[in-house]
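Work through the exercises below with the model open. Try each task before reading its solution.

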Amino acid sequence: MAHVGILFCLYDHLKQLKEENIMAYMSEEGYKKLMAELKELETVERPKISAAIAEARDKGDLSENAEYDAAKEAQGMLEMRINKLKATIADAKIIDESKLKTDSVQILNKVELKNVKNGMKMTYTIVSESEANLKVSVNTPIAQGLLGKKVGDVAEITVPQGKIALEVVNISI
C-alpha cells in the first residue's frame, strides 16, 4: 500500500513540475554538476537500491518485510530526484558569462553589500535555485531585493527579523 502512496506523490510532483514549466537559468558549471549528479544517481545509486530490493525480497514474506518496504521507499525517492533533475536539465538555459554586465545586479553576479545599520560587509553570488547550496538563489528575498540595483543603491529587504537596508558596494562576475 505504501508503494501506491509513493507513486501518487511522484505523479503529483511531476505534474507540478510540468505545470510550472520554469526556465532554469544557470552557469555552465552548475549545468555540469547537475549532469554529474544525474549520472551518479542513474549508474550507481539506482543499481544499489535495486540490489537492496532483491536482497530484501529474497528474505521471504513481503507483507512483513521492513527492509523491503524501506528499499522500495528509497527507490521512490531516488526516482523522484532523478525525474526532478531531468526536468531541471531539460528546462536549463545556460547563461553566457561573457555577456554578463556589472552595471546592475543580475544572475551570476557577485555582489558586495554593506548593512547600512551596522556597517557589516558581506558578499553574495546570485545564482539559480539549483545552484544555491552555498550561494544565494535568485528566488530568495535578498536576491529579489537586489536585482536591478546599481553600486551605491540601498535595497530595503524584508527578512524574518524585519527589514534590513543593504547598500550595494560592488558588483563583479
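The exercises cover a helix pair, two nonpolar cores and some single residues in this predicted model.

**Exercise 1. Check the length of helix H3 (residues 66-90) against the expected span.**

Step 1. Helix H3 has 25 residues.
Step 2. The expected span is 1.5 Å times one less than the number of residues, so H3 should span 36 Å.
Step 3. The end C-alpha atoms of H3 are 36 Å apart, which agrees.
Step 4. Now look at burial along H3. Its buried residues include Tyr 68, Ala 71, Leu 78, Met 80, Ile 82, Leu 85 and Ile 89. Gly 76, Glu 79 and Thr 88 are also buried.

**Exercise 2. Describe how helix H2 (residues 28-57) and H3 pack: how do their axes cross?**

Step 1. The two axes come within 9 Å.
Step 2. They cross at roughly 160°.
Step 3. Angles over 145 degrees count as roughly antiparallel, so H2 and H3 are roughly antiparallel to each other.
Step 4. The crossing of H2 and H3 is left-handed.

**Exercise 3. Find the centre of the largest nonpolar core: which members touch the most other members?**

Step 1. This core has 20 residues.
Step 2. Leu 113, Ile 126 and Leu 146 touch the most other members.
Step 3. Strands E3 (110-115), E4, E6 (154-159) and E7 (162-172) each give two or more residues to the core, as does helix H4 (141-146).
Step 4. Take Leu 146. Beyond its neighbours within four places in sequence, it contacts Val 105, Leu 113, Ile 126, Ala 155, Ile 157 and Val 168.
Step 5. Another core, of 14 residues, lies apart from the largest one. Among its members are Leu 38, Ile 53, Tyr 68 and Leu 85.

**Exercise 4. Classify Val 127 and Thr 125: buried or exposed?**

Step 1. Both lie in strand E4, which covers residues 121-127.
Step 2. The cut-off for buried is under 20% relative accessible area. Val 127 has 1%, so it is buried. Thr 125 has 18%, so it counts as buried too.
Step 3. Leaving out residues up to four places away in sequence, Val 127 touches Ile 107, Leu 108, Ala 132, Lys 135, Val 136, Ser 137 and Val 138.
Step 4. With the same exclusion, Thr 125 touches Leu 108, Asn 109, Lys 110, Lys 135 and Val 136.
Step 5. Val 127 and Ser 137 are 10 residues apart in sequence, and their C-alpha atoms are 5.0 Å apart.

**Exercise 5. Place Ser 104: where does it sit?**

Step 1. Ser 104 is in the loop between strand E2 (92-94) and E3.
Step 2. Its relative accessibility is 15%, so Ser 104 counts as buried.
Step 3. Not counting residues up to four places away in sequence, Ser 104 touches Asn 109, Gly 148, Lys 149, Lys 150 and Ile 171.

Key: Residues are numbered from 1 along each chain as its sequence is written. This is a predicted model: local features need pLDDT of at least 70, side-chain atom pairs count only at pLDDT 80 or more; totals for chains, interfaces and linings use all residues. Side-chain values use heavy atoms; hydrogens and water are left out. Helices (H or I, at least four residues) and strands (E, at least two) are DSSP runs, numbered from the N terminus. Buried means under 20% relative accessible area, exposed over 50%, partly exposed in between (1.4 Å probe, protein chains only). Contact means heavy atoms within 4.5 Å. A nonpolar core is a set of buried Ala, Val, Leu, Ile, Met, Phe, Trp, Tyr and Cys residues joined through side-chain atoms within 4.5 Å. Axes are lines fitted to C-alpha atoms, for helices over the stretch in contact, and angles run from 0 to 180 degrees between N-to-C directions. Angles under 35 degrees count as roughly parallel, over 145 as roughly antiparallel, 65 to 115 as roughly perpendicular and the rest as oblique. A crossing is left-handed if the near helix is turned anticlockwise from the far one by less than a right angle, and right-handed if clockwise.
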